[in-house]
Amino acid sequence: LPSRLPNVGTTIFSVMSALAAECGAVNLGQGFPDFDCDPALLDRVNDAMREGLNQYPPMAGVPALRQAVAAKIAALYGRAYDAEREITVTAGATQAILTAVLACVHPGDEVVVLEPCYDSYAPNIELAGGTVVRVPLTPGTFRPDFARIAAAIGPRTRAIIVNTPHNPAAVVWTRAEMQRLAEILAPTEVLLIADEVYEHMVFDGAEHVSASAIPELAARAFVVSSFGKTFHVTGWKVGTVAAPAALTAEFRKVHQFNVFTVNTPMQHALARYLADPAPYLGLAAFYQRKRDLFRAGLAASRLKLLPCEGSYFQSVDYSAVSDLPEAEFCRWLTREVGVAAIPISAFYDGGFEQRIARLCFAKRDDTLERALERLARL
Ligand code: PMP
Ligand code: GLN
C-alpha cells in the first residue's frame, strides 16, 4: 500500500512510554498526570450515566457543555461566542486540530507552523494535501520571530498554527506578541489555528492571552482547548473548538463525518463541573508549585534549566552531562538513569539537535522526588 504518510512512524510519546514501562523508569516523557482527577468530577460522570445520558448527543456536542464553555471564554477572555453556532465539542485537541486543518486546507495550500511544534501538525497538513511551511522560533529563547513569520506568509498561505503556552518550550506568548501576530495577519486572509490546550497553566503571574481575546485574531481563528489537560483526564479525550460561525460551519461538515460526536456522559459531567471556576483557576498555582519543586531539585544536577513560563513541561540542556544526540540521550536516561524524557528533536522536521530533553512535571510529588533522586546524580 503506498503510504499517505511515508515519513511517519509511531509517535515519540508512545515509544518513550513503552520504553519507560519496559525499563521500570519513572515516566516523565509523555505528558499526562500520574494522579487522578477530582472525585467530584467522577461522581458527575456516574450521575450522568445513571440518569440515562448514554446515547448520541447532538453532533456539535451537549448544549450545556457548549454554553458552559462559551460562558468561560466570555468571562476569561472577553469574547461572546454563540454556543449554538460557534462552539463544537471534539474528541480532544488532536481531533480538533486535524478537523480544522481538513476543513480549511485545500491541496496546494501552505500552512505555517512554528518549530519546534507538536508532532501532529505536519502530518495533519499533509493529509489535507497542504504544504507545511516551517518557521523556526528564535533559537535559544523559542519566542516568535515575527520577521520570519511575516516573510513566510504569501499568496498560497491558508493558515498558521500557533501554540501558547508552548509544548515543548514552555513559552507563553505575551499580549504584545499576540497583537503583533494580529498585525501581520490583518492584511491577509490567513486563518489561525490557536492550540491553547495549556491555557490554564501559566506561571509567575503571567497571563494567557487567548486568540479569542484579540478581536482581529478571533475573527479568523479556530481556538482549541482540551479538558484532558485542565482536569487531569487526558484519557477522556474531550476538547473544544471556538470559531466564528462561518468557520464553525465548515468545521462541522468535517466533524460530522469524522467522529460525528463525542461521548455523552463525560460531556454532561464536564458541563456541570465547569459551573465552579475554582478547579481551572487554581491550576496555575497547582502546577507552579510542582514546577518550583522540580526546578529546585534539578538545580543540584548539571542539567541546565530552560525557562518554564507555562505548560507542564520543563526542558533541560544536558550538554554538560552528555554529548549523545537527543533521542539517544533520552533512551540512555530511561535505561541507565531510570527517568524517561522526550527529545526536543522530535518536534522538528528531520530532528534538529540542541542537546535538550523535555521532562513532564505533571506528577505526584513522590514521583517527582523519585525522579529527582536519580537526576540529581547527573
Ligand atoms: N496540542 C498540544 C500542544 C499538546 O501538547 C497536546 C497533548 N499533549 C495536544 C494538542 C492534544 O491534546 P488532546 O489530548 O486533547 O488530544
Ligand atoms: N501531548 C502529549 C505530550 O506532548 C502527548 C500526547 C500523545 O501521546 N499523543 O507529551
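Biologist: Which residue of β8 stands opposite Val224?

Modeller: In this model, which is predicted, Val224 stands opposite Val241 in β8.

Biologist: What makes β7 and strand β8 (residues 239-242) a pair of strands?

Modeller: Two strands pair when at least two bridges are found between them, and β7 and β8 are joined by 4 bridges, in the antiparallel sense, so the two strands meet the condition for pairing.

Biologist: How do you know that β7 also pairs with strand β6 (residues 191-195), and in which sense do they run?

Modeller: The bridges between β6 and β7 number 4, against the at least two that pairing requires, and the sense of this pairing is parallel. One of the bridges can be followed by name, since Ala194 has Val223 of β7 as its bridge partner.

Biologist: Why is strand β7 (residues 221-226) called mostly covered?

Modeller: A residue is buried if 20 or more other C-beta atoms lie within 10 Å of its own, and in β7 this description applies to 6 of 6 residues. The covering concerns both faces of β7, with Ala221, Val223 and Ser225 buried on one side and Phe222, Val224 and Ser226 buried on the other. In a regular strand the side chains alternate between the two faces of the sheet.

Biologist: Gly228 is placed in helix α10 (residues 227-230); what makes you class Gly228 as buried?

Modeller: The threshold for a buried residue is 20 or more other C-beta atoms within 10 Å, and Gly228 has 22 of them, so Gly228 counts as buried. Leaving out residues up to four places away in sequence, Gly228 touches Gly92, Val233, Thr234, Trp236, Lys237 and Val238.

Biologist: Which residues are the closest to ligand 1, and which helix gives the most to its shell?

Modeller: Ligand 1 is surrounded by 14 residues, with Gly92, Ala93, Thr94, Asn167 and Ser226 the closest, and helix α5 (residues 92-104) gives the most to this shell, with 3 residues. Sorted by class, the shell around ligand 1 holds 3 nonpolar, 9 polar and 2 charged residues.

Biologist: What makes up the shell around ligand 2, by residue and by class?

Modeller: Thr11, Phe13, Gln30, Gly31 and Asn167 surround ligand 2, and by class they give 1 nonpolar, 4 polar and no charged residues. Gly is counted among the polar residues and Phe among the nonpolar ones, so Gly31 goes with the polar group, while Phe13 is the nonpolar member.

Biologist: Phe347 is found in the loop between β12 (342-343) and β13 (356-360); is this residue buried or exposed, and how do you know?

Modeller: An exposed residue would have 12 or fewer other C-beta atoms within 10 Å, and a buried one 20 or more; Phe347 has 22 such neighbours and therefore counts as buried. Apart from neighbours within four places in sequence, Phe347 is in contact with Glu115, Pro116, Cys117, Asp119 and Pro168.

Biologist: Which strands form the open sheet to which β12 and β13 belong, and why are some of them said to stand at the edges?

Modeller: The open sheet has 4 strands in the order β9-β10-β13-β12, with antiparallel pairing. β9 (304-305) and β12 stand at the edges because each has a single partner strand, so one side of each is left without a neighbour in the sheet. Further in, β10 and β13 pair over 5 bridges in the antiparallel sense, and Val316 stands opposite Ala357 in β13.

Biologist: What kind of unit do β3, helix α6 (residues 121-127) and β4 make?

Modeller: These elements make a right-handed β-α-β unit. Its strands, β3 (residues 110-115) and β4 (residues 131-136), run parallel and are joined by 6 bridges, with Leu114 opposite Val135 in β4.

Biologist: How is the chain divided into domains, and what makes up the side of domain 1 that touches domain 2?

Modeller: Domain 1 covers 12-30 + 282-375 and domain 2 covers 39-276, and 22 residues of domain 1 are in contact with 21 residues of domain 2. On the domain 1 side, α14 (283-298) and β10 (313-317) each supply at least two residues, and α14 gives the most, with 5 residues. The residues of this side divide into 13 nonpolar, 5 polar and 4 charged.

Key: Residues are numbered from 1 along each chain as its sequence is written. Chains are lettered from A and ligands numbered from 1 in the order in which they are written. This is a predicted model: local features need pLDDT of at least 70, side-chain atom pairs count only at pLDDT 80 or more; totals for chains, interfaces and linings use all residues. A residue is near a molecule or strand if its C-beta atom, placed from the backbone, lies within 6 Å of it. Two residues are in contact if their C-beta atoms, placed from the backbone, lie within 7 Å. A crossover is right-handed if, with the strands pointing away from the viewer, the path from the first strand over the helix to the second runs clockwise. Domain bounds come from an automatic or database domain assignment.
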